[in-house]
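Okay, thanks for coming, everyone. Let me put the structure up, and then I'll walk you through a few parts of it.

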Amino acid sequence: MIPSILPTYNRAPLCFETGEGTWLTATDGSRYLDLGAGIAVNALGHANPELVAALTEQAGRLWHVSNLYQIPEQQRLADMLVEKTFADTVFFTNSGTETAELAIKMARKYWYEKGEPDRIEILTFEGAFHGRSTGAIAAAGSEKMVKGFGPLMPGFRHLPWADMAALKSAISERTAAVMVEPIQGEGGIRPLSDAEMKTIRQLCDETGALLILDEVQCGVGRTGRLFAHEWSGLAPDIMMVAKGIGGGFPLGAVLATERAASGMVAGTHGSTYGGNPLGCAVGARVLEIVSDPAFLAEVNRKAALFRQKLEGLVAAHPDVFEGVRGQGLMLGLVCKVAPADIVKAGYDQHILTVPAAHEALRLLPPLTISDDEIAEAVRRLDAAATQFDSAPSSV
Ligand SMILES: *Cc1c(COP(=O)(O)O)cnc(C)c1O
């Protein structure tokens, strides 16, 4: 008999009742150190008092009004995002996959309005993850996600990951856009180098193709900059944001330049909940906190500490780990055993991590994680890894 919850997830037998900072408490009272943070969602930890205050203050006043009307909380968050980023304009969604939908629509509409309605092709990369809507699975194109769901939306071409030669030969004056994650999340914490980011931007500029960056996982302070692309000193035309921006409240946003967004006039897109006052009130508080240079400096300091300890962990378990990759507090331990097995062993040590493709174990703690919690996380990962060692060893 089919379960009452559609069985599309492989769930661990863990159930949490409360959370505080980097910790989750299970129904049996035991505490877990959370290095997954709802997959990079709880950017400021669980039950962050400032976010609880922002949410409850708004909840006592007004939960929802339609986008038929002005929404001051939405206006405020949009103004903040425009002030702090490359963007001139913002559309709010409830999730990451909805940002993929709008990014695709916006790119196509741009060329349609420019009198090139056939310029619809969007180039994407192997290992990409842009969400689970029909458009987003067509964009990413992996067999695992698309099988059985055809016919797929046409107009995507999938290139080998980070293959600049392939991009160079695929991109042309017929290309509508290039869509890419600066650091692949589900794809295994695989970063593009600054040089690769610059090449992509340059090839887009030469052909006129729009650059869509998917910062749903790597954005909002995760890498130690407000947005990951800032490390390479360039800007996209369209950017997808979700996960961390709501700190746990469902919220996403598409940010765009005036030029890229020029086709999106009244009536071309919409969402009932998108830009809802509750989500925007929380999002504004998240953005205020995360965009503070002192906060980002702390993320970078802690990231360096974490990375150094993880290098020690890798050295102590040469049969289990191969290395560390990623940036800021978006880190991947490259594994020599199945990452899912280490995640399971982590449950026994009461630490939560997330598996990913390409042999990576993802570590995506709340950005508010403390130095002590970093040390404790590495101790627990060490204990979890020990059972996979062929010779006994320790950090
Ligand atoms: C999670 C994710 C998405 C999809 O977000 P949902 O909120 O699950 O729809 C899209 N892109 C990237 C890079 C993601 O990590």
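Before the strands, a word on terms: I say two strands pair if DSSP finds at least two bridges between them. The helices and strands themselves are DSSP runs, numbered from the N terminus, with H or I over at least four residues for a helix and E over at least two for a strand. And please keep in mind that this is a predicted model: local features need pLDDT of at least 70, side-chain atom pairs count only at pLDDT 80 or more, and totals for chains, interfaces and linings use all residues. Residues are numbered from 1 along each chain as its sequence is written, and side-chain values use heavy atoms, with hydrogens and water left out.

Right, the sheet. It's an open one of four strands, in the order β1-β2-β3-β15, and the pairing is mixed. At the edges sit β1 (16–20) and β15, each pairing on one side only. β1 and β2 are antiparallel, with four bridges, and there you'll find Thr18 opposite Thr25 in β2. Next, β2 (residues 23–26) goes antiparallel with β3 (residues 31–34) over three bridges, and Trp23 faces Leu33 across that pair. The hairpin between them has four residues between the strands, and Gly29 there has a positive phi near 90°. Then the sense changes: β3 and β15 run parallel, joined by two bridges. Look at Leu33 again, since Ile351 in β15 stands opposite it.

Now, which residues of helix α11 are buried? By buried I mean under 20% relative accessible area, with exposed over 50% and partly exposed in between (1.4 Å probe, protein chains only). In α11, residues 339–348, the buried ones are Pro339, Ile342, Val343, Ala345 and Gly346. They sit on the same side of α11 because they cover an arc of only 165° around the axis, taking the directions from the helix axis to the C-beta atoms. Lys344 and Asp348, on the other side, are exposed. The cover over the buried residues includes β13 (321–327), β14 (330–335) and α12 (371–386). After the helix comes His350, with a positive phi near 60°.

On to the cores. A nonpolar core here is a set of buried Ala, Val, Leu, Ile, Met, Phe, Trp, Tyr and Cys residues joined through side-chain atoms within 4.5 Å. The largest one has 57 residues, and Phe92, Leu255, Phe306, Leu310, Phe321 and Leu333 have the most contacts inside it. Helix α10 (residues 293–316) gives the most to this core, eight residues. Take Phe321: beyond its neighbours within four places in sequence, its contacts (heavy atoms within 4.5 Å) include Leu313, Leu333, Ile342 and Ala385. So α11's buried Ile342 turns up there too, given that contact cut-off.

Last bit, the domains. The bounds come from an automatic or database domain assignment, which gives domain 1 (16–34 + 293–388) and domain 2 (50–290). Their C-alpha centres are 27 Å apart, and 21 residues of domain 1 are in contact with 22 of domain 2. Together they bury about 1700 Å², 61% of it on carbon and sulfur atoms; that's the accessible area (1.4 Å probe) that two parts lose on being put together, summed over both. On the domain 1 side, Gln327, Met330 and Arg362 lose the most area to domain 2, together 35% of what that side buries.
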